[in-house]
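Here's a quick tour for anyone opening this structure for the first time. Have a look at it, and then we'll go through a few spots together.

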Protein chains: 2
Amino acid sequence: MTRSAILLLSGGLDSYTAGAIARVDGFRLRALTIRYGQTHVQEIEASRRVARALDVAQHVELTLDLRGIAASALTGATSVPKDRPIDAQDIPVTYVPARNTIFLSLALAWAETLGAHDIFLGVNALDFSGYPDCRPEYVHAFETLARLATKAGVEGTSFQVHTPLISLTKAQIIQRGLALGLDYGLTHSCYDPDPQGRPCGHCDSCLLRAKGFAEAGVADPALALLR
Amino acid sequence: MTRSAILLLSGGLDSYTAGAIARVDGFRLRALTIRYGQTHVQEIEASRRVARALDVAQHVELTLDLRGIAASALTGATSVPKDRPIDAQDIPVTYVPARNTIFLSLALAWAETLGAHDIFLGVNALDFSGYPDCRPEYVHAFETLARLATKAGVEGTSFQVHTPLISLTKAQIIQRGLALGLDYGLTHSCYDPDPQGRPCGHCDSCLLRAKGFAEAGVADPALALLR
């Protein structure tokens with residue numbers, strides 16, 4: 001029997017790759033995308049393209065406007081920083097308070113409703129922006145919470161948060177995805193695109209993506225489309 | 001200096017009492033109410049009355065329609081059961097998957113944004129409906145998660161989820177609130193009110209409330225208003 005899993009899908013290249021790995025692992029996917037008030041709404045469009053490419057059984061877009069409670073450069077509270085050192089150790093202003101906890105909670109609700117026990121999350125803890133809710137110890141703490149939070153947990157089952165990218169570099173993620181035949185031209189990563197949706201090339205997300213493609217030795221198809 | 005706290009406010013008597021205890025403890029409150037697709041929207045109106053009575057610094061109502069991902073009698077997936085034994089041990093169909101985890105995550109986002117470290121939650125684990133996400137071990141797991149999830153946690157601070165009612169009976173909660181001068185006529189508890197907003201008197205929430213007032217030896221002012 002095919003097992004169902006929930007994929008938290010942003011429309012970026014990480015969640016696309018995590019979803020493709022879930023498919024290869026034999027999971028039937030349902031994708032959850034949150035419209036949380038992000039200024040880069042282009043990722044919502046990208047999530048639809050990626051959901052189609054992943055052939056998900058269902059794609060839910062949930063609206064949850066965090067702008068009134070969660071201040072971040074990504075929710076318009078301040079401007080997106082440009083050309084930060086890629087190895088900066090501080091947590092940048094693009095951090096959205098409790099975002100992954102909120103998203104995982106929503107995925108957990110859906111998983112429990114469906115009788116599913118698997119959630120895929122495309123976090124990685126190497127080429128990332130230093131967000132605390134991308135670390136392995138955080139993910140494990142969420143699994144513990146999920147077991148205690150739910151009816152399923154009381155009944156003795158548990159939930160697994162799969163993070164297949166967590167110890168990969170961005171280049172390794174891209175190489176893995178290309179080996180699976182993924183078209184990264186479908187994805188959107190930039191935090192601060194121009195009105196036409198073109199990536200700025202200077203935010204953390206653009207810089208990490210560019211570094212990844214450079215190290216992987218391939219051109220970014222999303223940039224090729226712009227030429 | 002007055003410390004700020006986030007109160008998860010439903011409009012029922014528990015969250016009102018938890019908020020009043022927070023005020024007595026010297027916290028400045030901001031209240032968060034979630035419009036999650038509950039069929040008993042009367043509790044939203046009640047939450048506004050209670051927020052005023054508690055003199056909160058700010059009351060945010062957040063819309064997050066869970067109906068597409070979280071099946072429950074409270075989100076209309078099935079009908080609200082009536083006249084269940086009040087000491088039934090099973091988890092009833094009014095359980096909303098991951099609801100407290102979602103709500104606490106949102107409170108955590110707001111707390112971190114404000115620089116607050118305290119969240120008040122009116123759960124109780126005695127006269128309750130057996131929901132797993134009302135138990136002390138669940139609350140402690142959330143505190144652990146909150147520390148790992150956030151920037152504040154990385155910086156060495158932590159979050160406390162205050163559950164001042166967790167080991168009280170419903171009668172004790174009511175007695176505590178009455179001693180604090182609370183007007184429970186402002187609150188709404190029923191899961192299945194009639195179109196005029198009057199409580200059904202037969203759902204779990206009505207039965208627990210009635211038992212609480214009976215054991216406390218006082219009349220329920222919300223019912224008195226209906227006469």
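## Where the chains meet

Chain A and chain B each put 36 residues into their contact. Keep in mind that this is a predicted model. On the side of chain A that touches chain B, the elements giving two or more residues are β3 (58–63), α3 (99–114), α4 (136–149) and α5 (151–154) of chain A. The largest share there, 10 residues, belongs to α3(A).

What kinds of residues does that side of chain A have, by class? There are 24 nonpolar ones, along with eight polar and four charged.

## Two helices crossing in chain A

Now for a pair of helices inside chain A: α6 (residues 170–179) and α7 (residues 204–216) pack at an angle of about 65°, and their axes are 7 Å apart. The crossing of α6(A) and α7(A) is right-handed.

From α6(A), the residues involved are A:K170, A:A171, A:I173, A:I174 and A:Q175. They meet a set from α7(A) that includes A:L208, A:G212, A:F213 and A:A216. Sorted by class, this contact has six nonpolar, two polar and four charged residues.

## Helix α7 in chain B

Over in chain B, α7 (residues 204–216) has 13 residues and spans 18 Å from first C-alpha to last, close to the 18 Å expected at 1.5 Å a residue. Right after α7(B) comes B:G217, with a positive phi near 75°.

Which residues of α7(B) are buried? They are B:D204, B:S205, B:C206, B:L207, B:L208, B:R209, B:G212 and B:F213. Their cover includes α1 (13–24) and α6 (170–179) of chain B.

How values were computed:
Residues numbered from 1 in each chain as written. Chains lettered and ligands numbered in written order. Predicted model: local features only at pLDDT ≥ 70, side-chain atom pairs only at ≥ 80, totals over all residues. Contact = placed C-beta atoms within 7 Å. Helix = DSSP H or I, 4+ residues; strand = E, 2+ residues; numbered from the N terminus. Nonpolar A, V, L, I, M, F, W, Y, C, P; charged D, E, K, R; others polar. Expected span 1.5 Å × (residues − 1). Buried ≥ 20, exposed ≤ 12 C-beta atoms within 10 Å, placed from the backbone. Axes fitted to C-alpha atoms, helices over the stretch in contact; angles between N-to-C directions. Left-handed = near helix turned anticlockwise from the far one by under 90°.
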